[in-house]
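Trainee: Hi, have you got a minute to go through the charged side chains with me? I'd like to start with the pairs and then look at a helix.
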Amino acid sequence: MLGYILRRILAVIPVMLLVAVFVFLLLRLTPGDPAAIIAGDMATPAQLERIREAMGLNDPLHIQFVTWVGQLLRGDLGVSLISNTPVATMVADRIAPTLSIAVLTIVMSVAIAVPMGVLAAWKHRSMADYAVMTFSVLGFSVPVFVIGYLFILVFSLQLGWFPVQGYTPLSSGLGGFLSNAFLPALTLSTIYVALIARMTRANMLEVLGEDYIRTARAKGAPERTVLFRHALKNAAVPILTVIGTGFALLIGGVVVTETVFNIPGVGRLTVDAILARDYPVIQAMILLTSFLYVLVNLLIDLSYSLFDPRIRY
């Protein structure tokens, strides 16, 4: 087990190196001059040249890359070209809203979707199954911003249960946090409930046809034990993969939802940086998102043995 963990961790190094090379070249070769962004439209050629020299933009690309990687290894993500604020500080200020809503979304999605998928598989070709599949299709088909505005209309404007927009940090109190975070999480969870429920149903149908399920029923095991202890546990590996991937997507920032509910998350930070050609912020967000995907996949791989006893390392 320890050897497998070490091999997986070592495999992260070349992946992240390739991502770093790609991000560096992509942003360096795109049109636009960071010096011009900093100096403004009225800058003279001499001023632009001084800024380029100070930023190392006149150095060869390989020298710039080595310098940049050295800064990353020291934890220095650079400084924003627009606000002159350290990128690490900007990300730290924006990650809390995104992370808290992502966790709430995944918790709500799993709590709703897994029982729905189990029910649909257990009552295959019944009204319950058709209802779950219809919801899954609608969850995939309706754009998330339409769902968000619909929830705002019903729950905020008509019923007055939740605020229309805004974000309250968890440190200010659980009630205020849930009041602002519930609708965004509910909006996002419609997509993930549809996805996880559909995946759970498909895998449960496959597992429920296995011989050991018929054996458990023949021995008189309660149906709840058959469904959740025997069937769901053995169907959990692909479901876990979907949940982990969805969580990584949420941490990367959901721009539309953050815009609809005016949430100051990392998704809006990334879009603002792209529009302003704030290269250090863009580089940092792509690298952090890539690292998060690698980390989530590693954790998913390591957790497989907990659900499938046939897997050994």
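Mentor: Sure! Let's begin with Glu 223 and Arg 217, whose side chains form a salt bridge at 2.6 Å, N to O; the term means a side-chain nitrogen of Lys or Arg within 4 Å of a carboxyl oxygen of Asp or Glu. Keep in mind that this is a predicted model, where local features need pLDDT of at least 70, side-chain atom pairs count only at pLDDT 80 or more, and totals for chains, interfaces and linings use all residues. Residues are numbered from 1 along each chain as its sequence is written, and side-chain values use heavy atoms, with hydrogens and water left out.

Trainee: Is Glu 223 buried or exposed?
Mentor: Glu 223 is partly exposed at 26% relative accessibility, and Arg 217 is partly exposed at 35%. Buried means under 20% relative accessible area, exposed over 50%, and partly exposed in between (1.4 Å probe, protein chains only).

Trainee: How many salt bridges are there by this rule?
Mentor: The count is 3. Another one joins Asp 211 and Arg 214 at 2.2 Å, N to O. Both lie in helix 9 (residues 211-218), 3 residues apart, about one turn of the helix. Helices here are DSSP runs (H or I, at least four residues), numbered from the N terminus.

Trainee: And what does Arg 201 pair with?
Mentor: The side chain of Arg 201 meets that of Asp 129 in a salt bridge at 2.6 Å, N to O. Arg 201 sits in helix 8 (residues 174-208) and Asp 129 in helix 6 (residues 127-141), so the pair ties together parts 72 residues apart in sequence. Arg 201 is buried at 15% relative accessibility, and Asp 129 is buried at 1%.

Trainee: Which other residues are buried in helix 6?
Mentor: Besides Asp 129, they are Val 132, Met 133, Ser 136 and Gly 139. The buried residues cover an arc of only 120° around the axis, which puts them on the same side of helix 6; the arc is taken from the directions from the helix axis to the C-beta atoms. On the other side, Met 127 and Ser 141 are exposed.

Trainee: What do the buried ones pack against?
Mentor: Helix 5 (87-122) and helix 8, with contact meaning heavy atoms within 4.5 Å.

Trainee: Switching topic: what about Glu 258?
Mentor: Glu 258 is in helix 12 (residues 255-260). Glu 258 is buried yet has no salt bridge, and the nearest side chain of opposite charge, Arg 268, is 5.8 Å away. For charge, Lys and Arg count as positive and Asp and Glu as negative, while His and the chain ends are not counted.

Notes: Helix = DSSP H or I, 4+ residues; strand = E, 2+ residues; numbered from the N terminus.
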